[in-house]
Amino acid sequence: MTDTDTPLQPKKKGLTRRQKRTLSRGVQYAVFAAAVIAFAATADWGRLQNQFAQADIAEQMFPDVITLALKNTVLYTLSGFVVGLVLGMVIALMRLSSVGPYRWLAGVYIEIFRGLPALLIFIFVGVAVPLAFPGTEIPGGTYGKVALALGLVSAAYMAETIRAGIQAVPKGQMEAARSLGFSPAKAMISIIIPQAFRIILPPLTNELVLLFKDSSLVLFLGVTLEERELSKFGRDLASTTANSTPILVAGLCYLLVTIPLSFVVRRMETKAQEAIR
């Protein structure tokens, strides 16, 4: 080693990729915790409690909020889901049909009803249908109107979900069924559609959650006291008591249904992914 040679300097080691991720995650947690603390420190909890958490007002809602409002909400949702599922199946099969006018009609329906707000569909069912067909009553009264309105809204989304599920079934399934002597219609009903529903069950359950929330639009149809759902029930009591506690209780009742359903959706999605692996 000569006098002109300089000793090698040790290389400075930076943070590893794992350390950078850990540091970034720690910063995010710290920012989130700071935001929560700031919110908790600046919020006026006394005023919030007075407006949204009056125990005596909440007690007045029971048991009607469960036996009447929640029951009606569930009935509206299930009836709309059934109508939407049946109509969506028909539209999905039309979308896959080899007959051009069927595909065109199904495509127009899907684009229109996916593009329109659900509120306009409820107004259409409640106002336009009686005007277009004077003297004609939708079977089931308010329940029938809600089922029709929710069904028209959900059918457009379900149709695309069902169509995607049918197309996800391997084509060899249809070919094998045809080789065994099945007609195209029988093969579709017996072989293809059952397999498709196993694939699309999670998104269909998610659609049920969305319908449960959309049922709040029933108030635009004009309902009696015995036909009120959760949102209408909560709003009426909030107006009577000049307090928002009924709205909070109604929201908690929605969560009693939507959270378990969402958990079921996640579990089904996980099982579906495990089955694919």
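Modeller: Helices (H or I, at least four residues) and strands (E, at least two) are DSSP runs, numbered from the N terminus. This is a predicted model, in which local features need pLDDT of at least 70 and side-chain atom pairs pLDDT 80 or more, while totals for chains, interfaces and linings use all residues. Residues are numbered from 1 along each chain as its sequence is written, and side-chain values use heavy atoms, leaving out hydrogens and water.

Biologist: Happy to start with charge pairs: how many salt bridges does the structure hold?

Modeller: A pair counts when a side-chain nitrogen of Lys or Arg is within 4 Å of a carboxyl oxygen of Asp or Glu. Among the pairs are Glu160 with Arg95 and Lys232 with Asp236. For the structure, the number of salt bridges is five.

Biologist: How many residues apart in sequence are the parts that Glu160 and Arg95 tie together?

Modeller: The side chains of these two meet in a salt bridge, at 3.6 Å from N to O. Glu160 lies in helix H7 and Arg95 in helix H4, so the parts tied together are apart in sequence by 65 residues.

Biologist: Is Glu160 buried or exposed?

Modeller: Buried means under 20% relative accessible area, exposed over 50%, and partly exposed in between (1.4 Å probe, protein chains only). Its partner Arg95 is partly exposed, at 29%. Glu160 has a relative accessibility of 15%, so Glu160 counts as buried.

Biologist: What is the N to O distance in the salt bridge of Glu160 and Arg163?

Modeller: Both residues lie in helix H7, three residues apart, which is about one turn of the helix. Their side chains meet in a salt bridge, and the N to O distance is 3.1 Å.

Biologist: Which residues are joined into one network by salt bridges that share partners?

Modeller: Take first a pair in another helix: Lys232 and Asp236 both lie in H10, four residues apart, about one turn of the helix. The network, built from salt bridges that share partners, joins Arg95, Glu160 and Arg163.

Biologist: Let us turn to the surface. Which element gives the largest share of the nonpolar patch?

Modeller: Patch residues have over 30% relative accessible area and no salt bridge, with like charges joined within 9 Å and nonpolar side chains (Val, Leu, Ile, Met, Phe, Trp, Tyr) within 5 Å. The nonpolar patch includes Trp104, Ile123 and Phe220, and its residues together have about 1,000 Å² of accessible area (Shrake-Rupley method, 1.4 Å probe, with only the protein chains shown as cover for residues). The elements that give two or more residues to it are H5 and H6. The largest share, five residues, comes from H6.

Biologist: Where does Phe220, a member of that nonpolar patch, lie?

Modeller: Phe220 has a relative accessibility of 44%, so Phe220 counts as partly exposed. Its place is the loop between helix H9 (184–214) and helix H10 (230–241).

Biologist: Which residues gather in the patch of positive charge on the surface?

Modeller: Lys and Arg count as positive and Asp and Glu as negative, with His and the chain ends not counted; a charge is placed at NZ of Lys, CZ of Arg, CG of Asp or CD of Glu. One member, Arg21, is found in helix H1 (residues 17–42) and is partly exposed at 45%. The patch gathers Arg17, Arg18, Lys20, Arg21 and Arg25.

Biologist: Now for the loops. Which residue's backbone oxygen does the side chain of Asn243 reach?

Modeller: A polar contact is a pair of N or O atoms within 3.5 Å; within protein, one must be able to donate a hydrogen and the other to accept it, and residues adjacent in sequence count only if both atoms are side-chain atoms. Asn243 sits in the loop between H10 and helix H11 (245–276), and is buried at 8% relative accessible area. At 2.7 Å, its side chain reaches the backbone oxygen of Asn50.

Biologist: How many Å separate the backbone nitrogen of Val99 from a polar atom of the side chain of Ser97?

Modeller: Ser97 is in the loop between helix H4 (64–95) and helix H5 (100–115). With a relative accessible area of 17%, Ser97 is buried. The backbone nitrogen of Val99 lies from that polar side-chain atom at 3.0 Å.

Biologist: What is phi of Ala242 near?

Modeller: Most residues other than glycine have a negative phi, and most peptide bonds are trans. Ala242 is in the loop between H10 and H11 and counts as exposed at 64% relative accessibility. Its phi is positive, near 55°.

Biologist: And which peptide bond is cis, with omega near 5°?

Modeller: Pro63 lies in the loop between helix H3 (55–60) and H4. The cis bond runs from Phe62 to Pro63.
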